[in-house]
Amino acid sequence: MHEIRPIAAGETRRANSTIRLASSEHGVSNDQLRHQLPNPVMLDAMICGVKVFRTLRCRYVAIPLTLGALMAGLAGCATLERLPAVPYAQAKQASILDIPDARFYVSDTRRILEIAQKAYQRRNQTTRSPVRTFLAISGGGDDGAFGAGLLIGWSDRGDRPEFDVVTGVSTGSLSAPFAFLGRKYDAQLKDVYTETSASNVFEKRAPVLAAIASDAMTDSAPLRQMIASHVDSTMVQRIAEEYAKGRLLFILTTNLDQARPVIWNIGAIASSSNPKARDLIIDVLLASASIPAVFPPVMLDVTVDGERHQEMHVDGGTVAQAFLYPPSVSLRLASARIGVDEKTLRTSRRRIAYIIRNGRFSRAEESVKLQTIAIAKEALSTMIASSGVNDTYRMYLIARRDGVDFNLASIGDDFTDPYKGPFNPAYMQSLFDYGYAKGRAGYRWQKAPPGYAN
């Protein structure tokens, strides 16, 4: 039987020494920190949390767990200043750069149908193709190298379509603009996942100080810089040109204040004449990939009835790891909106959905230690994997309902390279090559989610 003991005096002294060191490095006095410190039990958790942070073995899962353990002890801590949040009741009045159709909530069916109708009309003027294609790229962190390799291998095979609608979540949001713009951007897409290391994505902060007096355990400034280097004025113009043709690029973030997903219409933002449009696109892509507590949230300035507010946006994967379109939108509603018989709409064009799951559908098995954080870490990792399965089932049922041909890709059991730590170049290169080979040979798309029997 394991002994439960209070924190020893020596350990408390070591913790305080660590905090004094962190405070001196960051210009914070000991007096400023002293009133923010948790009780000794929480200090014990913090010491353990620092060790977990250093390993990052669970791909960032342990950090939110450690912070969760600290919540009670940190209740009285100082927080960073921000403008008031926007209540959900006023969400429709919130304006960001005065750009029409810049974004919508998944529950706003009427608005979504309006955007879809306008895109449908524009698309009909630019193409007579009887096929409409959707591409959904999931989250997955550095496993996004799989999807990048698959797409580029598909390009080199010569039969990758020009997607009518592209959606991205988390790391999928970083891939989505390149996939949307086609083969000419394949080289840049490859660079993102084969020429990137952890230092290009985040900078570590002093763990204890970050847990107490900051908004995340790391600084994502390098990731924003990398996004900005690719999302230049030329890319923004190209996205606007494709939007004018009726093609759509959607990115998902989570409004953490409201605990609701937000879908951003990147083409509409790119098409605006607002000089801040490019910066907004960069912020949205960064927000969609900002894992809560690991990377800082992205604070977006908005106005409601002339008053300034801020919205806190984080990783879209907080709500869904991938999406095609909201379940509240159906072919039946769309046909009624454009005044076309549903049967005619179903038979006039073939609709094909491709879903790229940047990951597996179950975590690797492991002999879990009889330790609180180890148990919680593996449980949360299992929950995240299961959430990905649930998202896939949702997309499959939507596709079946609307007569959309469903196609699914994911990392298979034949990829056996061990994970080597966050954004390890050798691991990402190997995974990219694996995805590329699959795409180049002609990927054998799965026609249903794992475990589903027709």
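How many bridges join strand β11 (residues 350–357) to β12? Six bridges join the two strands, which run parallel; strands are taken to pair if DSSP finds at least two bridges between them.

The model is predicted, so local features need pLDDT of at least 70 and side-chain atom pairs count only at pLDDT 80 or more, while totals for chains, interfaces and linings use all residues. Residues are numbered from 1 along each chain as its sequence is written, and side-chain values use heavy atoms, with hydrogens and water left out.

**Overall composition**

The chain holds 17 helices and twelve strands. Helices (H or I, at least four residues) and strands (E, at least two) are DSSP runs, numbered from the N terminus. Of the 454 residues, 52% count as buried, where buried means under 20% relative accessible area, exposed over 50%, and partly exposed in between (1.4 Å probe, protein chains only). The chain exposes about 21,200 Å², of which carbon and sulfur atoms supply 53%; accessible areas come from the Shrake-Rupley method with a 1.4 Å probe, and for residues only the protein chains shown count as cover. Among contacts between residues at least 6 apart in sequence, 77% join residues at least 24 apart, a contact being heavy atoms within 4.5 Å.

**Strand pairing**

The parallel pairings described in this report are listed below.

| Strands | Bridges |
|---|---|
| β3 (residues 131–137) and β4 | four bridges |
| β4 and β7 (residues 248–255) | five bridges |
| β11 (residues 350–357) and β12 | six bridges |

Strand β4 (residues 165–169) is largely enclosed by the rest of the structure, because five of its five residues are buried. Val165, Thr167 and Val169 point one way from β4, whereas Val166 and Gly168 point the other way. On the β3 side, Gly168 is the bridge partner of Ile137. The chain passes from β3 through helix α6 (residues 144–157) to β4 in a right-handed β-α-β crossover; right-handed denotes that, with the strands pointing away from the viewer, the path from the first strand over the helix to the second runs clockwise. On the β7 side, Val166 has Leu249 as its bridge partner.

Strand β12 (residues 405–410) is mostly covered, with five of its six residues buried. Within its pairing with β11, Arg357 stands opposite Ser410. The connection from β11 to β12 runs through α16, and this β-α-β crossover is right-handed.

**Helices and surface**

Helix α16 (residues 372–402) contains Ile375, which is partly exposed with a relative accessible area of 43%. Together with Val368 and Leu370, Ile375 forms a nonpolar surface patch of about 300 Å² of accessible area. Patches are made of residues with over 30% relative accessible area and no salt bridge, with like charges joined within 9 Å and nonpolar side chains (Val, Leu, Ile, Met, Phe, Trp, Tyr) within 5 Å; a salt bridge is a side-chain nitrogen of Lys or Arg within 4 Å of a carboxyl oxygen of Asp or Glu.

In helix α10 (residues 221–230), the buried residues include Leu223, Met226 and Ile227. The buried residues of α10 pack against several elements, among them α7 (171–181), α8 (186–194) and α13 (277–288).

Pro425 lies in helix α17 (residues 425–441) and is partly exposed, with a relative accessible area of 38%. Pro425 and Thr194 are separated by 231 residues in sequence but by 6.3 Å in space, C-alpha to C-alpha. Leaving aside neighbours within four places in sequence, Pro425 is in contact with Thr196 and Ser197.
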